[in-house]
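Colleague: Could you take me through one part of this model closely, beginning with a single serine and what it touches? After that, please widen the view to whatever else helps me place it.

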Amino acid sequence: MAAERRGRLWRRLWRRPPAVVGAVVVLFFVALALGAPWIAPADPQRSDYGKIRKPPTVANPFGTDDLGRDNFSRVVWGTRISMQAGVFSILLAIAIGVPAGLVAGYRSGGVTDQLIMRLTDAWLAFPFLILAIGLVTIMGASLTNATVAIGLAATPTYIRLTRGLVLGTREEEYVQAAQALGAGGLRTILRHILPNIVSALLVQATVSIPGAIIAEAILSFLGLGVQPPTPSWGTMLNTAQQFLETAPWMAWWPGLAIFSLTLSFNLAGDGLRDLLDPRDY
């Protein structure tokens, strides 16, 4: 049965070429992030004033920037920054939002649920990006603070999603049977509810990461995230805006990297959602 199920999963996966392409591109960027020290041909912070704003060549396939730094190396190292901000910020949102949503959903209608959801509603009154900008302004400009700010701004989404999933799952017969047999609240949540909503949370995380990556790029573009000379796609775009007419390649590559990575995560997330949909079994 296990082999048959795996075979069915693979067949369903290969029937979704965009999802496969998206997953491959995501894995490619993951490899870039992990292998940046070995893949980047030059120090991304080393200036060469003899190569200022040079167009793409064999030696510098992405050209150079306003300080003569190799754009290819900076894009490669910027991948690590974007992946770190995107993944860790969503992990933070999950770590805070899922437990809160589990408690609120299981205690639906009670004082605890009302308190959590009213705080969540107040949280959601602030647009995601505005809240992230406000938080990082208070905490100070750095990659760590930007990651925390993005994670906190994304947390209400996971509280509401988890609560809704719990409300639907706790009415299932297997949950009610466990409660009838004397299972306590914590055991019911951890053993019978959480395992059955993990797939939906995983899909949500996959489609949330692109938003976090774009948010990090925006914060860095505004000078609230990664600080120069550390390479970041957002800071590269900030620098490139001054030279769009004379050196447009400075904006091409970080912009294309952001577009490719976020689109690929969305395609992979859509495929994962279809793959995990129990209605197709």
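Modeller: Setting aside neighbours within four places in sequence, S89 is in contact with Q84, T147, I150, G151 and A212. S89 itself lies in helix α4, and with a relative accessible area of 0% it is buried. Please keep in mind that this is a predicted model.

Helix α4 covers residues 71-106, and it comes up again at the largest pocket. That pocket has a volume of about 440 Å³. Of the 21 residues lining it, L202, T206, F265, A268 and L272 are the closest to its centre. The helices α2 (17-34), α4, α10 (198-221) and α12 each supply at least two residues of this lining. Which helix gives the most to the lining of the largest pocket? That is α2, with six residues. As for the character of the lining, 19 of its residues are nonpolar, two are polar and none is charged.

Helix α10 deserves a stop of its own, and L201 is a good place to make it. L201 is found in α10 and, at 9% relative accessibility, counts as buried. Not counting residues up to four places away in sequence, L201 touches V98, Y158, L161, T162 and L165. For one of these, L161, there is a distance to go with the contact: the C-alpha atoms of L201 and L161 are separated by 8.0 Å, although their positions lie 40 residues apart along the chain.

Now to the aromatic rings. A pair of aromatic rings is described by the distance of the centres and the angle of the planes. The structure holds five aromatic pairs. In one of them, F28 and F29, the ring centres are 5.7 Å apart and the planes stand at 75 degrees, so this pair is edge-to-face. F29 has 7% relative accessibility and therefore counts as buried. F62 and W253 also form a pair, but a stacked one, with 4.1 Å from centre to centre and 5 degrees between the planes. F62 sits in the loop between α3 (36-39) and α4, while W253 belongs to helix α12 (residues 249-275), so the pair ties together parts that are 191 residues apart in sequence. Are the two partners buried or partly exposed? F62 counts as buried at 17% relative accessibility, whereas W253, at 22%, counts as partly exposed. Ring pairs also link F62 and W253 with F72 and W252 into a cluster.

The loop that carries F62 has other residues to look at. R53 is found in the loop between α3 and α4, and it has a positive phi of about 50 degrees although it is not a glycine. Most residues other than glycine have a negative phi, and most peptide bonds are trans. At 33% relative accessibility, R53 counts as partly exposed. S47 has its place in the loop between α3 and α4 too, and with a relative accessible area of 28% it is partly exposed. Its contacts, leaving aside neighbours within four places in sequence, are L67 and R69. S47 also gives a sense of distance across the model: its C-alpha atom is 41 Å from that of F126, with the two residues 79 apart in sequence.

There is a backbone feature in another loop as well. P228 and P229 are joined by a cis peptide bond, with omega at about 5 degrees. P229 is placed in the loop between α10 and α11 (233-240).

Finally, the whole chain, to set these parts in context. The secondary structure comes to twelve helices and zero strands. Along its principal axes, the C-alpha trace spans about 75 × 50 × 30 Å. Of the 281 residues, 41% count as buried; S89 and L201 are among them. If you take contacts between residues at least 6 apart in sequence, 72% join residues at least 24 apart. The accessible surface comes to about 14,300 Å², and 66% of it belongs to carbon and sulfur atoms.

Technical notes: Residues numbered from 1 in each chain as written. Predicted model: local features only at pLDDT ≥ 70, side-chain atom pairs only at ≥ 80, totals over all residues. Heavy atoms only, no water. Phe/Tyr/Trp six-rings, centres within 6.5 Å; stacked < 30°, edge-to-face > 60°. Buried < 20%, exposed > 50% of the residue type's maximum accessible area, 1.4 Å probe, protein only. Helix = DSSP H or I, 4+ residues; strand = E, 2+ residues; numbered from the N terminus. 1 Å grid on protein atoms, 1.4 Å probe; cavity = no way out; pocket = protein on both sides within 12 Å on 5 of 7 lines; lining within 4 Å. Points joined across faces, edges and corners; volume = space filled by probe spheres on them. Nonpolar A, V, L, I, M, F, W, Y, C, P; charged D, E, K, R; others polar. Contact = heavy atoms within 4.5 Å. Areas by Shrake-Rupley, 256 points an atom, 1.4 Å probe, with all protein chains shown as cover.
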